[in-house]
Amino acid sequence: MHCGALIEPESGQVKHNVLVVVEGDRVKQVEENGRSASGAHVIDLSDHTCLPGLVDAHTHTLLQGDITAEDYDAQLLKESTAYRAILATRNVRRALDYGFTTIRDLETEGAGYADVDLKKAINNGVIPGPRMKVVGRAMDVTGAYPLQGYNWEIQVPHGVQLVDGPDQARKAVREQISFGADWIKVYSDRGYFLRPDGVLDDIPTFTLEELRAIVDEAHREHHKVASHAMALNGVHNSVEAGVDSVEHGFYISDADIKAMVQRGIFYVPTIYVGEYVAQGRANAGAKVWLDMIKVHADTFNRALKAGVKIAFGTDVGGFDWSIDPAVEFSLMVKYGMTPMQAIRGATSNAAQLLDMQNEIGTVSPGAFADLVAVKGDPTNDITLLEKIDFVMKGGEIVKSPSR
Ligand SMILES: [Zn+2]
């Protein structure tokens, strides 16, 4: 492959006129001003900038947008898991077309372990899609997660596995891992409200004892824990319990930011989805979502300055899959990152979060041949990542510019 330029996120370097040699599903060689061996099939990307395949570390392939409770409830009440899996099949194809060659799918929202099957179908070559890390059902405590508010005489489905007490917590971790969960996902807070002093407060879900049991059991089995934590107590308890990633983190106290740096806990900010759902949720009565946009931007900036490890994640599925999740990059840059830092979030940093450092997020010998390319220089104009027109996953071209 002849790349006009190659972005190396880890070093922050951009090399020019680069030959990338791919053999099978791996990168064999990367050489500046290199010449292709005779007999090799050459892909001409000399007018393109190449970079490692992107990683979205927070997706919901089995969800089709949920601005309001009604949007969400209709999917669980009116759509079978089979139908939702068909929609998810379309979504993973879209993820790949957008340039995301790896995703961490953070729960199915009531569709059981359909994500495990989706991943299996991709790995077996049945359907096209990115590499997947999946969590299955996720966990929350009784009374904290939709569906809520129905006649108490009717049994309604829940978007998560309900777990109460440390013993049930340990058992749920064991069960989810046995059914194929790569990661464990917990919901650590709900009921957000802005205090007069500007702190975003919440109702914590799990007790610290319960969260500690979940984290301990997952780590004992060499699995990691992602925590949905939007505000003060949810984030604090997650950090105290030793989770591996804080998802959303609209408000994080300075003390918890410091602890996240010390313990190497990742922050997956999901900025775009917050702005996308805000007006709709405000119209439905929760005005706090409009206030949360500013709180989130401030938190992101403080975390960035303090040196928290930040991975790119969008919560796509929380917004419609017809929107390219790469819109997140522009907001990361708007709120303080350089384009290269934002790219690092979706490549080398995300690879580290997923413990796949030498396999993805890099174009170097031995890594998977997961590459994307775009016309122009995304380190100059980050919005170009919304126009990726070449995608290779594991040495196979899945999207190519029309010429
Ligand atoms: Zn999510």
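Does Asn283 count as buried or exposed, and at what relative accessibility? Asn283 has 60% relative accessibility, and the cut-off for exposed is over 50%, so this residue counts as exposed. That's one small spot in a predicted model, so here's a quick tour of the rest, starting with the chain as a whole.

**The whole chain**
- You're looking at 12 helices and 18 strands in the chain.
- For 403 residues, a compact globule would have a radius of gyration near 22 Å, and the chain comes in at 21 Å, so the two agree.
- Laid along its principal axes, the C-alpha trace spans about 70 × 45 × 40 Å.
- Of the 403 residues, 56% are buried.
- Take the contacts with a separation of 6 or more: 69% of them join residues that sit 24 or more positions apart.

**Surface and charge**
- The chain's accessible surface adds up to about 16300 Å², and carbon and sulfur atoms hold 49% of that.
- On the charge side, there are 39 positive and 55 negative side chains.
- The centres of those two sets of charges lie 3 Å apart.

**The zinc site**
- Three protein residues act as donors to the zinc ion: His58 and His60, each through NE2, and Asp315 through OD.
- These donors lie 2.0 to 2.1 Å from the zinc ion.
- Read along the chain, the donors follow the spacing H-x1-H-x254-D.
- His58 and Asp315 bring together distant parts of the chain, being 257 residues apart.
- His58 belongs to strand β5 (residues 54–59), while Asp315 is in the loop between α9 (288–306) and α10 (327–334).
- Both His58 and Asp315 are buried.

**Helix α6 and its cover**
- Helix α6 runs over residues 232–241, and its buried residues include Gly234, Val235 and Asn237.
- Further along α6, Ser238, Val239 and Ala241 are buried too.
- Helices that help cover the buried residues of α6 include α5 (208–220) and α7 (254–263).
- Strands also join in that cover, among them β11 (189–194), β12 (200–204), β13 (224–229) and β14 (245–248).
- Just after α6 comes Gly242, which takes a positive phi of about 85 degrees.

**Back to Asn283**
- Asn283 lies in helix α8, which covers residues 271–283.
- From Asn283 to Gly112 is 171 residues in sequence.
- In space, the C-alpha atoms of Asn283 and Gly112 are 31 Å apart.

Conventions. Residues numbered from 1 in each chain as written. Predicted model: local features only at pLDDT ≥ 70, side-chain atom pairs only at ≥ 80, totals over all residues. Heavy atoms only, no water. Buried < 20%, exposed > 50% of the residue type's maximum accessible area, 1.4 Å probe, protein only. Helix = DSSP H or I, 4+ residues; strand = E, 2+ residues; numbered from the N terminus. Contact = heavy atoms within 4.5 Å. Rg over C-alpha atoms; globule rule 2.2 N^0.38 Å. Areas by Shrake-Rupley, 256 points an atom, 1.4 Å probe, with all protein chains shown as cover. Lys, Arg positive; Asp, Glu negative; His and termini not counted. Charge placed at Lys NZ, Arg CZ, Asp CG, Glu CD. Donors = N, O, S within 2.8 Å, 3.2 Å for Na, K, Ca; no water.
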